[in-house]
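Let's take a walk through this one together. Have the sequence and the 3D view side by side, and we'll go from the overall layout down to individual side chains.

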Amino acid sequence: MVNSTLTKQDPALEAMMKFAPTIKSCFFNDVTISISNLTEVIYQLNATDINNNNQSVGKPLQGQDPMLEVIRKKKPIQLTIPKELYGFAMRLAIAPIFNDANQLVGTISVSRNNSDQSNLVDVAKTFTESSNQLNNSANELTSLSNTLAH
C-alpha cells in the first residue's frame, strides 16, 4: 500500500518517492520504505507483513525517532527493533537524502520483518536452557548413583 502527502517536496524527495517501488523490488524480502522530509514522514510503501502504524504519512518526526537521529548526524544508521516494541522484530536501515545542492532534505528508511530470525534465536535459547537443565539433572543422577554405590 502506498501512502504519500500531496504537498510539493524538494525534487530529490520527489525522485525518491517515484523510485521507491523500484527500490522495494530490489530486495529479496518484503520491505517497507518510508521517506521523510526534515519534519515529517511524507511517503510510505508498506510491506505485506509489516503494518508500521507508528511511522505513517504525515506523522511528525519527534523525540527519539531514528529518522531524526539520521537528520541530526547526517549519516546512515542500521538497527534492530525488538519484538516487544511493535509486536514483531524488525531490521531498519535509514539514510539521509541530499539534494543537488548537497543540502540535507530528508531521509529514506527501509525496514523488514525480522520475526523469523528472532524466533530462531528464541528457539536456540530455549534449547540451550533445556540442554543445561538436562545436563544438570544427569549430573545429579550420576552424583546420587555414586553416593548409593558406596
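The protein chain has 4 helices and 6 strands. Starting from the N terminus, they come in the order β-α-β-β-α-β-α-β-β-α. Keep in mind as you look around that this is a predicted model.

How much of the chain is tucked away? Of the 150 residues in the protein chain, 35% are buried. The accessible surface adds up to about 9600 Å², and carbon and sulfur atoms account for 56% of that. You can also ask how far along the chain the contacting residues lie from each other. Counting contacts with a separation of 6 or more, 45% are between residues 24 or more positions apart.

Now find helix H1, which covers residues 11-25. This helix has 15 residues and spans 22 Å from its first C-alpha to its last, close to the 21 Å expected at 1.5 Å a residue. Right at the start of H1, look for Asp10: one of its side-chain oxygens comes within 2.8 Å of the backbone nitrogen of Ala12. Follow the helix along and you'll meet a kink of about 50° at Phe19, shortly before the proline Pro21. And which residues of H1 are buried? They are Ala12, Leu13, Met17, Ala20 and Lys24.

That last name on the list, Lys24, is worth a second look. Its relative accessibility is 16%, and because buried means under 20%, Lys24 falls in that group. Lys24 also has a charged partner: it forms a salt bridge with Asp30, with the closest N and O atoms 2.6 Å apart. Asp30 itself is partly exposed, at 26% relative accessibility. In general, side chains of opposite charge can pair when their charged atoms come close.

How many salt bridges does the structure hold? There are 3. Another one joins Asp65 and Lys59, at 3.7 Å from N to O. Here it's the acidic residue that is buried: Asp65 has a relative accessible area of just 7%. Lys59, on the other side of the pair, is partly exposed at 28%.

The remaining pair to visit is Glu69 with Lys73, whose side chains meet at 3.2 Å, N to O. Why are these two about one helical turn apart? Because they sit 4 residues apart in helix H2. Glu69 is partly exposed, with a relative accessible area of 27%, while Lys73 counts as exposed at 53%.

Let's finish with a couple of loops and their backbone angles. Most residues other than glycine have a negative phi. Lys74 goes the other way, with a positive phi of about 55° although it is not a glycine. You'll find Lys74 in the loop between helix H2 (66-73) and strand S4 (77-81).

Asn102 also has a positive phi without being a glycine, this time near 65°. Where should you look for Asn102? Its place is in the loop between strand S5 (90-98) and strand S6 (104-113). Is Asn102 buried or exposed? With a relative accessible area of 59%, Asn102 is exposed.

Notes
Residues are numbered from 1 along each chain as its sequence is written. This is a predicted model: local features need pLDDT of at least 70, side-chain atom pairs count only at pLDDT 80 or more; totals for chains, interfaces and linings use all residues. Side-chain values use heavy atoms; hydrogens and water are left out. The expected span of a helix is 1.5 Å times one less than its number of residues. The bend at a residue is the angle between axes fitted to the seven residues ending there and the seven starting there. Buried means under 20% relative accessible area, exposed over 50%, partly exposed in between (1.4 Å probe, protein chains only). A polar contact is a pair of N or O atoms within 3.5 Å; within protein, one must be able to donate a hydrogen and the other to accept it, and residues adjacent in sequence count only if both atoms are side-chain atoms. A salt bridge is a side-chain nitrogen of Lys or Arg within 4 Å of a carboxyl oxygen of Asp or Glu. Contact means heavy atoms within 4.5 Å. Accessible areas come from the Shrake-Rupley method with a 1.4 Å probe; for residues, only the protein chains shown count as cover.
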